[in-house]
Amino acid sequence: MLLLVTALGGTWVWQHPDVAKGMFWPASPGKTPQRGNDAQAAIPVRATTVGRHDFPVELNGLGTVQAWNSVTVRSRVDGQVEKIAFEEGQPVKAGDVLVELDARPFQAALDQATAKITQDQATLASAEADLARTNALVGPGYATKQLLDQQTATVNQLKALIKADEAAQENAKVNLTYTTIRAPIGGRLGLRTIDIGNIVHAADQSGIVTIAEIQPIAVVFTAPESEFPPVMRALSEGPLDLTAFSSDGKTELGHGKLAIVNNDIDVASGTIRLKGRFENPDNQLWPGLSVSTRLLVSTLHDRIVVPDIAVQRGPAGLFAYIVRPDQTVEKRDLKVGQIGNGLAVVESGLEPGEKIVTAGHARLQPGTRVADRPDDESNTAGKQ
């Protein structure tokens, strides 16, 4: 049965299911009715081609920059500050003059010690002459053996006294040199704690100024105790490269080498401390600065490497979507090894040349048709 109704310029058509298989709704001008068996629209995704690359096995951590050597400069004698020969914050070399104290009391002590030596030497000369005369008189019997022994003892006492005088003289010389305070190491000066006219004491704990050696400089960081064996194995083969970044990990601050592995593991935290040495030519690293570190432990050569965002986790484990030549996707189970710096090493499940989905997973299921576009450089598999 066919029913045709015409009203107000519109046409409605109804056809019995026994006559035709389709159903048509009111026709609209300029539009073609869409049939239910039209092809499914392709889902847009991002994809990249699987390849083989070298993969760096790196240990990431957090650390603090420390001066390679640090010294608090203190006076070794008591005295009044007469001259300050440095500016706060300036670089200095070992041996540079920093402070001069009033040297007059120490010069007077040296002169006194020198005079004492001269006095005792004159006394010794007289005693030696008496000893010679006494020795000459003992033979004929004009002097007793006891007198000779006493005179010999006097000479020996005076010789010992002169040695003590010489030691006092040397001590006075050393104290005099201490009135000129020099930099014991090279580095960068901090803020001073004294001014001209202040009295400093050898017992002062605050010191005069600090010197921090920043070229080279050290970065101390921690690693889990589980990483200790591979780090030690790698160290046995040669120095390990270490890179320091800003605390947010975005800005590279310098390259160095792992210098020291601490001699014990902290049982409370289960970590071990490591120390790196950086030449720091541009002073990007500064004592006290918090940094993130990246230690290159080893390199895996010629491995299948993909962006880690391509690896998905499901109830059965890790998987990825592969784009087949007919632009449909296949779900592939993966076995993944090392993961780091946005990359993952795939031990099984992928072959070089295959396309793997890196973005747009949410609407995918096996057999879904996709429209893929290549990853940009920031997501290219194996980019290092």
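**Figure 1. The whole protein, seen from its surface to its interior.** The accessible surface of the protein comes to about 23,400 Å², and carbon and sulfur atoms account for 52% of that area. What you see here is a predicted model. Its secondary structure comprises 3 helices and 24 strands. Of the 384 residues in the protein, 33% are buried. Among contacts with a separation of 6 or more, 75% are made by residues 24 or more positions apart.

**Figure 2. Close-up of the largest nonpolar core.** This core has 23 residues, and the members that touch the most others are V219, V231, L258, L274, F278, L285 and L295. Helix α3 (228-235) gives two or more residues to the core, as do the strands β4 (51-67), β13 (217-224), β14 (241-246), β15 (252-266), β16 (271-278) and β17 (290-307). If you are looking for the element that gives the most, go to β13, which supplies 4 residues.

**Figure 3. L285 and its surroundings.** Here we zoom in on L285, one of the core residues that touch the most other members. Setting aside neighbours within four places in sequence, L285 is in contact with V65, I217, V219, A244, L253, F278, N280 and V291. Two of these partners, V219 and F278, also belong to the group of core members touching the most others.

**Figure 4. A second core and the strands around V99.** Separate from the largest core is another one of 22 residues, including I84, V92, I185 and L189. I84 is a good starting point for tracing the strands, as this residue stands opposite V99 in β8. Strand β6 (residues 79-84) pairs with strand β8 (residues 97-101) in the antiparallel sense, over 3 bridges. On β8 you can then step across to strand β9 (residues 180-182), which runs antiparallel to β8 and is joined to it by 3 bridges. V99 features again in this pairing, with I181 as its bridge partner in β9.

**Figure 5. Helix α2 and the elements it packs against.** Follow α2 from end to end: the helix covers residues 145-177, 33 residues in total, and reaches 49 Å from its first C-alpha to its last. That span is close to the 48 Å expected at 1.5 Å a residue. Its buried residues are L148, Q151, V155, L158, I162, D165, Q169, A172 and L176. Along with leucines, valine, isoleucine and alanine, this list holds Q151, D165 and Q169. The buried residues of α2 pack against α1 (104-138) and against β9, the strand that carries I181, the bridge partner of V99.

Technical notes:
Residues are numbered from 1 along each chain as its sequence is written. This is a predicted model: local features need pLDDT of at least 70, side-chain atom pairs count only at pLDDT 80 or more; totals for chains, interfaces and linings use all residues. Side-chain values use heavy atoms; hydrogens and water are left out. A nonpolar core is a set of buried Ala, Val, Leu, Ile, Met, Phe, Trp, Tyr and Cys residues joined through side-chain atoms within 4.5 Å. Buried means under 20% relative accessible area, exposed over 50%, partly exposed in between (1.4 Å probe, protein chains only). Contact means heavy atoms within 4.5 Å. Two strands pair if DSSP finds at least two bridges between them. Accessible areas come from the Shrake-Rupley method with a 1.4 Å probe; for residues, only the protein chains shown count as cover. The expected span of a helix is 1.5 Å times one less than its number of residues.
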